[in-house]
Structure formats: structure tokens, C-alpha cells
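Grab a pencil and work through these exercises with the model open beside you. Each one has a task and then a solution in steps.

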Protein chains: 2
Amino acid sequence: MTQTDTALPFDAAQLDRLAEVAIRVGVGLRPGQDLIVTADAAALPLLRRIAKVAYREGAGLVTPMISDSAITRARYEMAADHSFDRAPGWLYDGMASAYGDNSARLHIVSDDPMLLADQDTDKVARAGKALNQAYTPARKMITGFQTNWSICAYPAPSWARLMFPDMAEDAAVAKLAEAIFAASRADREDPVAAWNAHNAELLARRKWLDDHRFHSLHYSGPGTDLTIGLADDHRWKGGKSTSKKGVDCNPNIPTEEVFTTPHRERVSGIVRATKPLAHQGSLIEGIEVRFEGGRIVEAKASKGEEVFLKLIDNDEGARRLGEVALVPASSPISASGLLFYNTLFDENAASHIALGQCYADCFTDTKMSDEEIAARGGNSSMIHVDWMIGSTEIDIDGLDADGGRTPVMRGGEWAQAL
Amino acid sequence: MTQTDTALPFDAAQLDRLAEVAIRVGVGLRPGQDLIVTADAAALPLLRRIAKVAYREGAGLVTPMISDSAITRARYEMAADHSFDRAPGWLYDGMASAYGDNSARLHIVSDDPMLLADQDTDKVARAGKALNQAYTPARKMITGFQTNWSICAYPAPSWARLMFPDMAEDAAVAKLAEAIFAASRADREDPVAAWNAHNAELLARRKWLDDHRFHSLHYSGPGTDLTIGLADDHRWKGGKSTSKKGVDCNPNIPTEEVFTTPHRERVSGIVRATKPLAHQGSLIEGIEVRFEGGRIVEAKASKGEEVFLKLIDNDEGARRLGEVALVPASSPISASGLLFYNTLFDENAASHIALGQCYADCFTDTKMSDEEIAARGGNSSMIHVDWMIGSTEIDIDGLDADGGRTPVMRGGEWAQAL
Ligand SMILES: [Zn+2]
Ligand SMILES: [Zn+2]
Ligand SMILES: [Zn+2]
Ligand SMILES: [Zn+2]
């Protein structure tokens, strides 16, 4: 009933290796841990491989939570108005309790990012808000690394058709598969060793940034003159993370970024997005924003402006930053030249910022309460949305508290060799 | 990625009508109700139609809970021993709370009933027991009709291949589809009207049985000489039920039975199964059992005896009866001559009994506590497993408390015209 292996228009051996990467590098699954995997039905060929690897690695129980984009679409086409304020709170509360009970978590990205692009933006925003609210307890478990978790990707036909509209479907899927496998290092002979080396590089970059203890970062380039204050006691993260229970995981497969928590009240100036933002099925292009005291006070977009304005109106924290991330413009994903219409990939093509919830993990003390995090400048929100502000035209300086300047990036590349 | 409509080897219009039956007759979904649908990925063509009909009928949120038989199988093939005592309690607890919060429930049967037939019976039994325990709160909401619910079926290839091993897959699926549509009355011009007429017939039969207030039923035939005491204040049910919130539903699509609650301590004699029992992937044939004081004291089977013995050892209630059901041997499903290897269908081909949990609904007062139900003879257990004891060779009498006898069935048919 679902695509069989013989029908996969790409190398199934690389899909096997992606499953290994997802469980051993991404989730870092420990023997005896349960695993919750969320995925669209289109990703079943990967989901099945992941379940096998997880069980082989000693998983307790693998619980697949399979959604279906046709059913999601049916809601927008058929449902009464009241439907769009509903969300399955019972399901997300249950997931949150499972994460608290040592279940690991993996999400497979595969959906057409434009699935809801032609639907009523008000309905999409309301449904998104209801979902975000329902998801809050589970999201806090995840962002606080109460358990080990990861996100990886599968080349589903609808996504491939969006990226390569002029190709036949099988050729498009093959091309997306090749890009996913390369970015996820599943094309390597020994992907786990490749990830170990990559994690070591990211760690060296984090250490350099941590050692400099910058008070803020200053961005300059076309349409951008932005100062981002960093949170007190911030710490740079990237690549491998460690859960509160001491389990190593790579939350994003792929990942090229190092990132930390900005100060929610110390962001000022103007910034122009350097890539489109695909958000809940809409494409938002040409974002231009002005910050004052950490808060977005002016915002416009050349396309999808209504969606962007709704997004930043989700709650007070949606207008403030929760993440600042550095990615060289020469990153492999940037070098591919592809626009994936998906943050998991596109954020790794450029330096970026995220509106909304900060990562509690990006502090020297990772066991702080919400109040302690807020006191250090950490933002809270029901959203976390990344968008790209880096390019080969952007320079970034690190500023000390006393005004000293250190070049961090020049023309989109690291200014210092390590 | 999943079977498309053009690839369905049967009449898609009848599948549309089955979705109408499932929502309007089966679940009886009310506007504003949420709906949880559990199904295997193989049933997506029906699941998608059901979601559309549910939203068209005013559903709040349709939450599909999609399982995948390949992942289920991967567990048995790959998992460490400790896995088989695990169950997703957080998920079933969440479902129970959703049912309490007015979510309706629909399950689509489609799996190959023999999915686990070649797996270690000990692992299958342990996993089944863990699942049964985790499912207990949700099952109590269902069997107590705290919400409206239903089960229907989809002709998945693996199930069709099992039933028609000598046919090509498409032909087998077409034949199973035809049988499901006919039994579910989805082959009728106006299936909802057909179900209304059928429900009226079942209601008349229930009324006749209720009016006679039999103290017990006596079964005689080859290998069978069994007296089944009925619970005090029992009431016969069948066809349409009404939830505690007053919503009409048909819990089984199809259904031909009328049934009630036996007295868990007043069953005695011997009984021989008249059809095989497919249980958790095993086929149990030639069951022969002796009851004393309501309890199974001797049990054997010509095939799958080990599985049957494990089943009745699940808990104390697993050795006692929770349901007694009457079905004429001429029922449409019996007339089809097919063995479906699935209780939803096969129980409608013959009179049957169920081991385990009783239906709280089968009493004159349907709002009794567990203690009140037990005081009237209602059984409780973490299992509920039906098996067939009726055939054209079986006679059934109704016995009054003072010993009076009334013929109920002769040669498997109703003894009285109504
Ligand atoms: Zn990021
Ligand atoms: Zn982010
Ligand atoms: Zn029954
Ligand atoms: Zn039953």
C-alpha cells in the first residue's frame, strides 16, 4: 500500500544509513529507552527502517505517530469554522509525560512545505496557534532537553515536486534524496565517524565564541544594521547536545550552525531576511524588520506579510528573539544552491535568528528555572521560528561590554581560522 | 506513496458509502465532536474518506492514530526481550481522557489477522497483556459507552491474501471489498435507510428476549451441553446503542447479533467452538472447554492450544464469560460462506460467547458502578475475546427461574417468527 523498496527512485542503502544516523547520531538512543517517532505517512520507508534500527539498538517500545497530509488538507477543505481553534491537547500532554518518563523523540520532516499555502490564512494561523498552545508542555520538555531528541528528513514526492517543479517526479525525488543524504552525511562510507568529526569542528567554534564572552553581535550589510545583545551567562551550542539525563544527541540532522540565546530586551536596529521563510504552508519573502528594546516595532514583507504579522502577534514573546545562530555562507547546504523551503535545511545555509522561545540549554547553568532564564534575558513564547539573515554580503562583529570589536564573520565566512 | 484511488481494485463509490456509514450510522458523530480514528496505514484510502465525511458533518478535530504492521513486525524480529512488557500507557491514558471529554472513536480493521502467527507465542502474549493493561482505562470508557464509538473494516491486501490465497492480489482485494461492502450495507442505494431497517429488526428481537426475562440459556449440539446463566437485571442489546451522553451509534459495522451479559458464576457444562478463533495473530481451532461455577476448569484446542491457555490466564476474569450473543446461522455473513479470520465479521456468522470484560450497557440500569455490576454477575477482565459456538446443529432454549423452557433457536435459526 505504500511505496515499496523496489519502487524507491534512489539508493536504498543510503536510506538504511540515514536510519542509522537518525538513531545512533541524532537521537543517541540508549538501550531500554522508548522512542516516539512523528512522521507523515509518506515517510514510511524511512520510518520502518528507523524502527528496525531502534529495536536493534535495544529500544523498549517504538511508538510511531503517523500523520497524513491528505487528512490535514481535508480539514481545511471541509471543516466547520469552530474546528480551527481545536488541537489534540490530550495527545501532546501524553507525549510530554512520555518525554518526562525517558522516552526519546524523533521527528521526520517530509511534508510539502506549501501544503496549506492556498488555504485561508486566518484558519491556518488559528489552527497553528491552537496547536502551539497544546504543544507547549511537550515543547518545553524538548527545548529544555529533558530527553534526547532529533529531527531528520525524508524525500517525499510532494516536497521534491515543490523543489524541482520542472522534473519528472522520480527524478525530483532522486535529486532531493541525494541532497538529504549528502547534508545528513548518509552518503559517507562511515556516517557515524563523519558526524564525530563534524561535531568536533562545531565544538571548537563554540569554544572560541564562549571564550570571547561577547556582550553583543553587530550585523551589517544591505538592509541590515542590527545589534543583538546576548543573554547574560549565555553559552554557545551546536552539533552534539547532552540531555538532562546525560544522553548525547544531535537534535538536527543535518546541522551546520552554532547558536546561543540573545537577550530579549537588547536587540536594536534593522534587519532584512536573506532567504524566503516557509511557515505553516505559506512562503514569506522579503522580510524587513526594525527592533527597539528587543521588540519588533516595525515589520513588513514583500510576500506573505499578513502571515508574518499574524506570526509575531501569537504572543508577546513572538516579537522578540529566542536564538541567534552563525553559519558560514560556504556551508555544504549553502553550496548546494538549493532552497529546501524547510528550516531544517535552509537554516544551515545562512546565519539566522529565531523569533520566540529560547533554548534553556544555551546557558552556562542548564538547570535554571523559567524565572532564572528570564532574569538573564531568555525569551519565552509558544513559537520558535528561524529566518535567515546571513549571506556573503553580511559582516558580523563581536562586541565586548566595553565596546571592543572582534571580527566574527566577513562576507559570510568565519573571520578566524581555528 | 499510498494506494491511489485509480489503483483501487474495487468500486470507489462503495468506499465513499462505507465512509458515510462509518460516520453517520457507526459513530453517529455529532457536530462539534472531536473524533479519534485508529487504523493501519494500509487503510488510508478509507481513513481519508472518513476524515472528509467527519469534517463535512461538523467534526471539531479528526485525529488519525495510524499504526503500521511492518513496524509491529519489526519489533518481534529485532527487539530485545524487555520490549515485550512495554506498552504506550501515556497514549491510552490520553485517549481515555479524550473520550471522557466527548471525543468520539472509530477503529478501522484491516490488518492481516495472521500478522504475528509465526512469532514467539510468549512474546505475543506478553505484549498483548501489557497492551491490555495499558488500554484498560480507555477500554472502560468504550465498553461503558461514555462516548459514541464504532468499528468498521477496510479490504487491505494482506488480509485479502490470507482469505483468498489462490487468487491474484487485486482479485482477492476485490472479493474481500465486495464482502465488506455487502456486510456493511455500503452496497445499498441508501445505506443509512438500510441500517435503520436493520436496527428496527434487531430491536424487535431484543424486545422479545427482554420480555421473556430468561434466567439462563441452554445450548445443545455436538460437543456442547452448556447452561449460561444470565446476569441479574440483564438487558439485551444489538444494533444501535446510545452513549451515556445520549448519542446513538452502531458500535460494530457490520453487526447481526443480539447480546447480553451472562452471570459470571452461573455457567456450567461443556462447549465446543464451531469456528476457528483468530487471536493476536494466531489461529486457535477446535476449542473445547468445560465450565464449573462460571469458571473454565478444563480447556483444550486442536490447534493453538498454548495461545488459548495463555489467553484465559490473563487474569481471573479471563476464564469467565462477559458476553453471550445470538446470531441466526442464516445471517448474511454466514451465508457468504467466508471465514474472515476476524471477530468483527466472523462473530456475525454464528451465535457466540466472549471471555472477559462484560458490557456495562447490557443492564436495565446502565449507570451502575463496577461494584453494582459485579453484584449482578457482570464479569470484569482486561480481555474481551469472542468465539463462536453456534451452527445449524445447535439448539438453544430459554430457561425461566422456575425451570420453564422456551425454544429460542432451532438448528441455528430463531425458533419464533416476530
Ligand atoms: Zn538555528
Ligand atoms: Zn531555531
Ligand atoms: Zn458479540
Ligand atoms: Zn464481543
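Domain bounds here come from an automatic or database domain assignment. Keep in mind that this is a predicted model.

**Exercise 1. Find how chain A is divided into domains, and how far apart the domain centres lie.**

Step 1: start with the bounds. Domain 1 of chain A covers 9–183, while domain 2 is made of 213–235 + 256–414.
Step 2: take the C-alpha centres of domain 1 and domain 2 of chain A; they lie 24 Å apart.
Step 3: look at who takes part in the contact. Domain 1 of chain A gives 31 residues and domain 2 of chain A gives 25 residues.

**Exercise 2. Work out which turn and shift lay chain A on chain B.**

Step 1: a turn of 180 degrees with a shift of 0.0 Å along the axis does the job, and the RMSD is 0.0 Å.
Step 2: name the relation: that's a two-fold axis.
Step 3: check the contact surface. Both copies use the same one, as 100% of the contact residues of chain A recur in chain B.

**Exercise 3. Describe helix H1 of chain A from start to end.**

Step 1: at the start of H1(A), a side-chain oxygen of A:Asp11 comes within 3.0 Å of the backbone nitrogen of A:Ala13.
Step 2: compare spans. H1(A) runs over residues 12–27, and its 16 residues reach 21 Å from first C-alpha to last, close to the expected 22 Å.
Step 3: look for a bend. There's one of about 30 degrees at A:Val21, and A:Val21 is also among the buried residues of H1(A), which include A:Leu15, A:Leu18 and A:Ile23.
Step 4: step just past H1(A), and you meet A:Gly28 with a positive phi of about 60 degrees.

**Exercise 4. Say what the buried residues of helix H8 of chain B pack against.**

Step 1: size up the helix. H8(B), residues 191–212, has 22 residues and reaches 32 Å, close to the 32 Å expected.
Step 2: pick out buried residues; among them are B:Trp195, B:His198, B:Leu202 and B:Trp208.
Step 3: list the partners in chain B: helices H1 and H7, plus strands E9, E15, E19 and E20.
Step 4: see what follows H8(B). B:Arg213 has a positive phi, near 40 degrees.

**Exercise 5. Decide whether B:Ser216 is buried or exposed.**

Step 1: place B:Ser216 in strand E5 of chain B, residues 216–221.
Step 2: the cut-off for buried is under 20% relative accessible area. B:Ser216 has 5%, so B:Ser216 is buried.
Step 3: find the company. Beyond its neighbours within four places in sequence, B:Ser216 is in contact with residues including B:Thr227, B:Leu230, B:Asp397 and B:Leu399.

Key:
Residues numbered from 1 in each chain as written. Chains lettered and ligands numbered in written order. Predicted model: local features only at pLDDT ≥ 70, side-chain atom pairs only at ≥ 80, totals over all residues. Heavy atoms only, no water. Least-squares fit on C-alpha atoms with pLDDT ≥ 70 in both. Contact = heavy atoms within 4.5 Å. Helix = DSSP H or I, 4+ residues; strand = E, 2+ residues; numbered from the N terminus. Expected span 1.5 Å × (residues − 1). Bend = angle between axes of the 7 residues up to and from the residue. Buried < 20%, exposed > 50% of the residue type's maximum accessible area, 1.4 Å probe, protein only. Polar contact = N/O pair within 3.5 Å; in protein donor to acceptor, adjacent residues only side chain to side chain.
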